[in-house]
Amino acid sequence: MDYLDIFDRSPNPYMVLDRGMRYIAMNRAYEAVVGHSRDVLLGVSLFEAFPGDGSSLGDSNVRLLRQSIERVFATGERDVLSLIRYAIERQGPDGPVMEDRYWSATHTPLFDAAGEPVAVLQHTTDVTHLQRLNQALAQATGASPEQIEYGMFERARKVQEHNLALEHRISDLETLFSQAPGFMAYLAGPEHRFTLANRAYATLVGRERTLIGLTLGEALPEAAEQGFLGLLDEVYSSGRPYVGKGVSLRLQRGEESEPEEVVLDFVYQPVRDAAGKVVGIFVQGNDMTAQVAAQAEVESVHANLANLVEERTRALKLSEEERLAAQAALHQSQKLEAIGQLTGGVAHDFNNLLQVVGANLELLATHELGDVARQRLGAARKAVQRGAQLVSQLMSFARRDALNTVVFDPSRTLSSLADMLERTLGEGRDITLELDLDCETRIVASPQQFETAILNMVINARHAMPDGGRVRIECRCVEGAEAGREADLVRITVADTGVGMTPDIVEHIFEPFFTTKPPGQGTGLGLAAVYGFVQQSGGDIRVRSEPGRGSQFTLYLPTTDEPEPALGAETGGTPRGNGEMVLLVEDDEGVRRAGVDMLLDLGYDVVQASNAAMAMTLLDDGLRPALLFSDVVMPGPVHSFELVAHVQAHMPETAVLMTSGYAQATLARAGTTRPQVPMLSKPYERSELGRHVRAAIDGHRLSQSLRVVLVEDNEDDRLLTGDLLASCGLDVAFAGNADEALALLADGPCDVMLTDVELPGCDGIELARLALARQPGLRIIFVTGHDEEAVRERGGQGATLSKPFSRAQLMAAIALSTQAPGRPVDA
């Protein structure tokens, strides 16, 4: 509908003023009544175009008109001037003349989007002829002009009020019609021509369609073709309304869109004139498409209600089971985390206590003792060693020790462990490895901790199968979705056919010190260490077990695309030997031959043995080497640890260095208590072998000219470690904190600074930095309850000695840190 055209064609004079009271619009009726065209008036002020006649009455009426318009802008409400005399300029025969005219004006505000009045619409009625009639009537009746004028004003006022009320009613009806939720339209005449249609009707048939002024056949040809035109004809001719319920109609709502089927409830109501003749049809109805579709869906649901209820019940049960499982997993994780925090703190303090006990035992061993006392002393030292191994496992569970991670292939690592795992299981138990050796899947983790975790699970399987059984170890690459992850994972499964576990036992198996074994037969730390390793490696572990049906442990570890590290070349000089004799004990012929060649090349004399029993025979026959260099895991009746104990007891002048391809915690779980001697991990390079052999020999007979600064805030530890150093003939200076240590360095040069990492105020790592800045050649050894990697992560540069340590380990650490100067080295 073209409202501008309606505005322009209206017989009533209208014009629009902006806030500056300038003309911005007018219709033709207004141009005619004021005698000026819009070309002349647009953009011109109302009071510039029509300033009045300049008389006192004229100026007063100009003010009345201005005030009415200003009130509309100020209040935002309509204002009415029922009658006002206002002279306007007319073109007379002899030129422009001022002509008195009488007007009735209504001023209506027009608002912007913010609700502020921005313009005024004036509806003007020229009532000059009524005023002239009033004058004639006064002359004819003899009434005073004031009486006649009052009566006319009163009638004008009532007419104005009636018109305003009528306008409000029409506006309300138009609003109701436009905003009605149901669709409405009025079709005029027997041809059914649209004269009215609300927004709901336009939405139904398509907003882009033109309706007003068109017949039904022209505007909606598809509706006419589907019988609706015949219905309208019947209603128009019979005068009876038609009610349609659930009537289908296919509508083409857009030029490019496909026809859509709608379902309608509607009424065709005939409209009659005053004589009772039908002149049009009022259309009113509702689009029931959504309701009908919903009803169809409800009926479909009802038809399958039993199945839906059963399916929903199953889903709810499954959801509740999943919720309870997730809640239990969260609770278990939080509990283990809390236990880990407590355990880590206790383990660190326990290490310090072990150091005090171990140092005292070391010092006591230097005194003359009887056989019984020496046996008890040996038992006490073994207990300290076992305690240190327990602490190591506690640290693993608590994840306090940083993992020394590398990239490696878990399948190949498991393959290399096969022999040891088979020996660990013992007779009557079979082991099967299902390894995907071709997938080349790699992980980033600690290989030593990985081996320990596998061995711990295999040992648990052995205890779960007292009468024999089978263990299956599988390594596969799987999609992350299997464990709720996005990236691919390595899945490692260790399953046994043992006695299995009840749910209440499974709930506690990862807690430290929890064990189902009889007292004295288990520490309860094996699976706790497995849990700590997996969590610290960014993975997950799951357990499935039933009594009588065995147990299955599943580890999920993240994969990596990084390549495995290549063996690095030697850097710097390698310390050499001075013809000292080394007894090399190694069961693998290839490893033994390579070791012999490297030691000979480094300047040592070498005697070799293929097992501990052969080495024991050589020693009993009088062989006195400077160093016993022995593998840990070897076949035969004599264990390597027994060989070391024999050397320490009967040949104190011989140093000991051990080597193994397994992690130290793994060795502790697999055999007897490991002696506290230096350890070289396989595989090792020539430079590593040279440094450790030299350090082991030199540490055993350390130069007494070395000056050592010992920095330890714990008085007991400080005194006992100082006694160990002094017993080796070393010059020891004591400091309880960083300030005291720096003061000692200022007094004179020192060779070695042995400092605890955890010091009050300034820690040992920062102290080392300050000390090296003052004395660049100073050798630094960090003493800690953690491992070397943890110190490295905090920025520590130097050797690391983990608590508790033995006298031999202390001397080897000092020798290793001081071996470069004054020793023959390879160029």
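A residue counts as buried when its relative accessible area is under 20%. Keep that cut-off in mind as we walk through this structure, which is a predicted model.

Let's start with Q122, which sits in strand 7, the run covering residues 117-126. Its relative accessibility is 7%, so Q122 falls on the buried side of the cut-off. What does the side chain of Q122 join up with through a polar contact? The partner is the side chain of T124, at 2.6 Å. Looking past its neighbours within four places in sequence, you'll find Q122 in contact with P13, Y14, M15, Y30, L65, A105, T106 and H107.

Now hop further along to a sheet. Strands of a sheet pair through backbone hydrogen bonds, and they can do so in a parallel or an antiparallel way. Here we have an open sheet of 5 strands with parallel pairing, and the order across it reads 21-20-22-23-24. At the edges are strand 21 (605-609) and strand 24 (679-681), each pairing on one side only. Going from one strand to the next, the twist averages 20°.

Zoom in on one edge: strand 23, made of residues 655-660, pairs with strand 24 in the parallel sense over 3 bridges. There, S660 stands opposite S681 of strand 24.

Two helices to look for pack on this sheet. Helix 20 (residues 589-601) touches strand 20 (581-585), strand 21 and strand 22 (627-631), and its direction makes about 165° with that of strand 21. Helix 22 (residues 640-650) touches strand 20, strand 22 and strand 23, with its direction at about 170° to that of strand 22.

Technical notes. Residues are numbered from 1 along each chain as its sequence is written. This is a predicted model: local features need pLDDT of at least 70, side-chain atom pairs count only at pLDDT 80 or more; totals for chains, interfaces and linings use all residues. Side-chain values use heavy atoms; hydrogens and water are left out. Two strands pair if DSSP finds at least two bridges between them. Helices (H or I, at least four residues) and strands (E, at least two) are DSSP runs, numbered from the N terminus. Axes are lines fitted to C-alpha atoms, for helices over the stretch in contact, and angles run from 0 to 180 degrees between N-to-C directions. Contact means heavy atoms within 4.5 Å. Buried means under 20% relative accessible area, exposed over 50%, partly exposed in between (1.4 Å probe, protein chains only). A polar contact is a pair of N or O atoms within 3.5 Å; within protein, one must be able to donate a hydrogen and the other to accept it, and residues adjacent in sequence count only if both atoms are side-chain atoms.
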